[in-house]
Amino acid sequence: MKRLNKPSMDIHTIVEDCANSYRNIDLRQRIINSTNYIYEKSNIYDSLSSQKSWHLINKNEYPSQLTHDEMTKLYTDKFVVQKQIREKYYDKIMSLCADGLCPICGIGYVSTLDHYLPKSIYPIYSITPSNLIPVCRDCNISKSDKPINSEFDAVLNPYYDTELNEIWIEASISLQNNTITIVYNVIGEKPNIWSEIQYKRVKKHFEIFQLKKALSVQAISEIENNKFAWKTMLDTANDDFLKAYLEMQLESFERHDINSWRSVLYRALIANIDQLIFYLKNNDED
């Protein structure tokens, strides 16, 4: 998971912009009258999120002057669809991923905003900026709409899980019948600075977003795309030259994200350099 800076947006202005875009005068006024309530709840969200206490946030809350559907439609009808509002808020949150890659998997391209607390269950946070995370379509679908009922239910959050700077994904390499296999997993032992809750949340995150399969597919593709170049290095230089090249690549990838699928792969390739060299020398290109 890649860290993101929280959106810096004023909820009062967001609510006002959404309200003023409605032609229905009654609905417009009821939304404006609900501004302070939405603001207060957004502050509660931020406070509890900072404590990783999403399980303490109440479900099915919305302003007394609005219905559940009216609250969620501020997002679906205005945040997403209304051009000026979309450009001002939706698109700016999407742009938090400067490289365009999903912060959850690091593979897919950002294509939507995910409600960390689903708007169908937590309608009051449907337009709370820090509840909206830019993700790819696959990760959005994998997460689905589920409540957070305990500390262990919360998947990693790129805005608030800022302390997870330790390596938490590893990969194993095996060779059988000259076929290379890469398997990704959460590291086997919890880092000392992590709590047991953090470790369990990481495992749940890895499982829910089906990262084991998704990352392994990327790794095999990376090896296939590079094996000709790597074998050429072996043929024209030596084993140490290839290892030094991989180490240089790893340093570059880790500067971006130490837990990206490439960082994890290249750490595994370097640690298993003898297997990689054997594979390259015994897999001639057709």
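**Exercise 1. Find the volume of the largest pocket, then work out who lines it.**

Solution. Start with size: the largest pocket comes out at about 290 Å³. Keep in mind that this is a predicted model. Next, go to the pocket's centre: of the 20 lining residues, Gly-106, His-256, Asp-257, Ser-260 and Trp-261 sit closest to it. Now look at the helices: α8 (211–236), α9 and α10 each give at least two residues to this lining. Finally, sort by class, and you get twelve nonpolar, four polar and four charged residues.

**Exercise 2. Decide how α9 and α10 run relative to each other: roughly parallel or roughly antiparallel?**

Solution. First, pick out the helices: α9 spans residues 239–256 and α10 spans residues 261–271. Their axes lie 9 Å apart, at an angle of about 155°. Angles over 145 degrees count as roughly antiparallel, so α9 and α10 are roughly antiparallel to each other. As for handedness, their crossing is left-handed. Then check who touches: the α9 side of the contact includes Leu-246, Leu-250 and Phe-253, while the α10 side includes Tyr-266, Leu-269 and Ile-270. By class, this contact has six nonpolar, two polar and five charged residues.

**Exercise 3. Which element gives the largest share of the lining of the largest cavity?**

Solution. Begin with the count: there's one cavity of 30 Å³ or more, and the largest cavity has a volume of about 60 Å³. Among its lining residues are Ile-104, Asp-114, Tyr-116 and Phe-209. β2 (132–135) and α6 (137–143) each chip in at least two residues. The largest share, three residues, belongs to α6. By class, the lining splits into eight nonpolar, one polar and two charged residues.

Conventions. Residues are numbered from 1 along each chain as its sequence is written. This is a predicted model: local features need pLDDT of at least 70, side-chain atom pairs count only at pLDDT 80 or more; totals for chains, interfaces and linings use all residues. Side-chain values use heavy atoms; hydrogens and water are left out. Axes are lines fitted to C-alpha atoms, for helices over the stretch in contact, and angles run from 0 to 180 degrees between N-to-C directions. Helices (H or I, at least four residues) and strands (E, at least two) are DSSP runs, numbered from the N terminus. Angles under 35 degrees count as roughly parallel, over 145 as roughly antiparallel, 65 to 115 as roughly perpendicular and the rest as oblique. A crossing is left-handed if the near helix is turned anticlockwise from the far one by less than a right angle, and right-handed if clockwise. Contact means heavy atoms within 4.5 Å. Ala, Val, Leu, Ile, Met, Phe, Trp, Tyr, Cys and Pro count as nonpolar, Asp, Glu, Lys and Arg as charged, and the others, Gly among them, as polar. On a 1 Å grid over the protein atoms alone, a cavity is a set of points where a 1.4 Å probe fits but cannot get out, and a pocket is an open set with protein on both sides within 12 Å along at least five of seven lines; lining residues have an atom within 4 Å of a point. Grid points are joined across faces, edges and corners, and a volume is the space filled by probe spheres set on the points.
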